[in-house]
Amino acid sequence: MPLQMVSELAFLTPTIEAADLINILHPSYTDIRINKEAQREFFETTFIPLIKDLGTKSSVAENDNRDDFLAGFVHFCTGLHFLPYHEAQPEFKIIIQFDPDNDL
């Protein structure tokens with residue numbers, strides 16, 4: 001087994017908790033057409049509570065669980081099925097970009 005794979009498996013967080021995910025989310029605000037205060041308010045009062053809510057078992061569909069939603073979100077954003085162990089990769093983050101000119 002390659003050393004990189006052993007390292008990743010040894011230092012990953014197998015269960016993704018909403019608090020761990022929130023700790024690695026970093027907003028990137030813009031001044032284009034939307035003021036930064038509105039972006040900050042959305043991130044702090046809408047987006048973060050939504051992640052917390054969707055990360056609870058009571059808020060997801062009966063056949064799903066919170067781990068599936070959070071893991072799916074992380075996989076969508078990063079291509080990974082786990083969060084790297086913070087002590088091993090403290091620089092790891094997911095950037096939430098506010099860019100009204102970028103149509104995805």
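The accessible surface of the protein comes to about 7,400 Å², an area obtained by the Shrake-Rupley method with a 1.4 Å probe, where for residues only the protein chains shown count as cover; carbon and sulfur atoms hold 54% of this surface. The structure is a predicted model, in which local features need pLDDT of at least 70 and side-chain atom pairs count only at pLDDT 80 or more, while totals for chains, interfaces and linings use all residues. Residues are numbered from 1 along each chain as its sequence is written, and side-chain values use heavy atoms, with hydrogens and water left out.

The protein has four helices and four strands, which are DSSP runs numbered from the N terminus (helices: H or I, at least four residues; strands: E, at least two). From the N terminus on, these elements follow the order α-β-α-β-α-α-β-β. Of the 104 residues, 24% are buried, that is, under 20% relative accessible area with a 1.4 Å probe and protein chains only, as against exposed at over 50% and partly exposed in between. Among the contacts (heavy atoms within 4.5 Å) with a separation of 6 or more, 66% join residues 24 or more positions apart.

Two buried residues illustrate the helices. Alanine 18, in helix α2 (residues 18–24), counts as buried because its relative accessibility is 13%. Beyond its neighbours within four places in sequence, alanine 18 is in contact with Ile51, Lys52 and Leu70, and its C-alpha atom lies 6.5 Å from that of isoleucine 51, although the two are 33 residues apart along the chain. Glutamine 39, placed in helix α3 (residues 36–54), is likewise buried, because its relative accessibility is 2%; apart from residues up to four places away in sequence, glutamine 39 touches Tyr29, Thr30, Ile34 and Phe98.
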